[in-house]
Amino acid sequence: MAGKMTADQALSNCLRQGERVLWQSGTMSFPLLEKGESWKIIGKWIGTVVVTAVLLALYTGQGREWSARAVAVILLIAVVMLLSPVIERRSLLGQRYWITDQRAILMTRDQTFYYMELSEIDDFQLLRDRTAGDCLVLGGCLFEEVDRQLRWRACHPKTDIQNDSQRGVAQGLAFFSVEDGAGAAECLRQHQTA
């Protein structure tokens with residue numbers, strides 16, 4: 001069984017004939033509880049524990065026989081909720097990003113590719129001081145979302161779920177905690193003025 005391809009090998013299979021890479025980065029390491037996310041994550045953990053405890057108390061304290069299966073399902077959901085920030089961080093750390101002369105490309109940890117044609121990027125934002133590196137948000141449709149859920153959106157590119165024929169085509173991408181975000185933004189600016 002063949003091993004997983006390197007990011008560069010996977011990208012070479014994704015590039016079109018004559019397409020050139022102008023900028024590239026991966027996600028820079030960042031702490032799980034970084035400044036903008038720490039209270040959101042801690043709040044999520046506290047809320048999950050409280051809601052789980054209340055549900056279990058209500059369910060098991062009614063004086064009737066209760067199902068171990070139902071308790072297990074409640075606990076399983078709670079564990080998934082508690083681990084979700086850790087899983088999200090792991091996913092982000094495995095992502096790679098490229099800007100070519102034709103597209104902006106995101107590769108997830110499992111080597112799934114999402115892309116936006118440069119001509120389709122209506123707007124972009126360079127966010128600084130949110131993470132260890134810069135965050136580049138591509139597509140005006142994401143601007144409202146990134147204040148509340150930048151990490152989640154970086155893990156889940158915005159696609160048209162109604163149109164399965166255009167697999168991998170994104171309406172919005174977030175390049176999370178990248179090196180030289182200003183360089184990436186400059187590539188996009190140059191393409192917009194060309």
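Which residues form a nonpolar patch on the surface, and with about how much accessible area together?

**View 1. A nonpolar surface patch that includes a residue of helix 2 in the predicted model.** The patch is formed by Ile46, Val50, Val54 and Leu58, which together offer about 370 Å² of accessible area. Val50, one of these residues, has its place in helix 2, which spans residues 38-60, and with a relative accessibility of 47% Val50 counts as partly exposed.

**View 2. The whole protein chain, shown for orientation.** The protein chain contains 5 helices and 8 strands, and from the N terminus on these elements follow the order α-β-α-α-β-β-β-β-β-α-β-β-α. Along the principal axes, the C-alpha atoms fill a box of roughly 70 × 40 × 30 Å, and of the 194 residues in the chain 39% are buried. The chain exposes about 11,300 Å², of which carbon and sulfur atoms supply 55%. Among contacts with a separation of 6 or more, 64% are between residues 24 or more positions apart.

**View 3. An open sheet of 4 strands with antiparallel pairing.** The order of the strands in this sheet is 5-6-8-7. Strand 5 (124-127) and strand 7 stand at the edges, and because each has a single partner strand, one side of each is left without a neighbour in the sheet. Helix 4, made of residues 143-155, packs on the sheet and touches strand 5, strand 6, strand 7 and strand 8, while its direction makes about 70 degrees with that of strand 8.

**View 4. Strand 8 and its two pairings, with strand 6 and with strand 7.** Strand 8, residues 170-178, is mostly covered, with 8 of its 9 residues buried. Strand 6 (residues 134-138) runs antiparallel to strand 8 and is joined to it by 4 bridges, in which Val137 has Ala174 as its bridge partner and Asp134 is partnered by Val178. Strand 7 (residues 158-159) also pairs with strand 8 in the antiparallel sense, over 2 bridges, and here Lys158 stands opposite Gly172.

**View 5. The hairpin of strand 5 and strand 6, with a salt bridge between Arg128 and Asp134.** These antiparallel strands are joined by 4 bridges, and Leu127 stands opposite Cys135 in strand 6. Between the two strands lie 6 residues, and in the turn Asp129 has a positive phi of about 65 degrees. Arg128 and Asp134 form a salt bridge whose closest N and O atoms are 3.2 Å apart; Arg128 is partly exposed, at a relative accessible area of 46%, whereas Asp134 is buried, at 12%. Elsewhere, Glu145, Arg153 and Lys158 are joined into one network by salt bridges that share partners.

**View 6. Two salt bridges, Arg16 with Glu117 and Glu34 with Arg151.** The structure holds 9 salt bridges, among them the one between Arg16 and Glu117, where the closest N and O atoms are 2.4 Å apart. This pair links distant parts of the chain, with Arg16 in the loop between helix 1 (7-14) and strand 1 (21-26) and Glu117 in strand 4 (residues 113-117), 101 residues apart. Both partners count as partly exposed, Arg16 at 31% relative accessibility and Glu117 at 22%. Glu34 and Arg151 meet through their side chains at 3.2 Å, N to O; because Glu34 lies in the loop between strand 1 and helix 2 and Arg151 in helix 4, the pair ties together parts that are 117 residues apart in sequence. Glu34 counts as buried at 6% relative accessibility, and Arg151 is buried with a relative accessible area of 2%.

Methods. Residues are numbered from 1 along each chain as its sequence is written. This is a predicted model: local features need pLDDT of at least 70, side-chain atom pairs count only at pLDDT 80 or more; totals for chains, interfaces and linings use all residues. Side-chain values use heavy atoms; hydrogens and water are left out. Buried means under 20% relative accessible area, exposed over 50%, partly exposed in between (1.4 Å probe, protein chains only). Two strands pair if DSSP finds at least two bridges between them. Patches are made of residues with over 30% relative accessible area and no salt bridge: like charges are joined within 9 Å, nonpolar side chains (Val, Leu, Ile, Met, Phe, Trp, Tyr) within 5 Å. Accessible areas come from the Shrake-Rupley method with a 1.4 Å probe; for residues, only the protein chains shown count as cover. A salt bridge is a side-chain nitrogen of Lys or Arg within 4 Å of a carboxyl oxygen of Asp or Glu. Contact means heavy atoms within 4.5 Å. Axes are lines fitted to C-alpha atoms, for helices over the stretch in contact, and angles run from 0 to 180 degrees between N-to-C directions.
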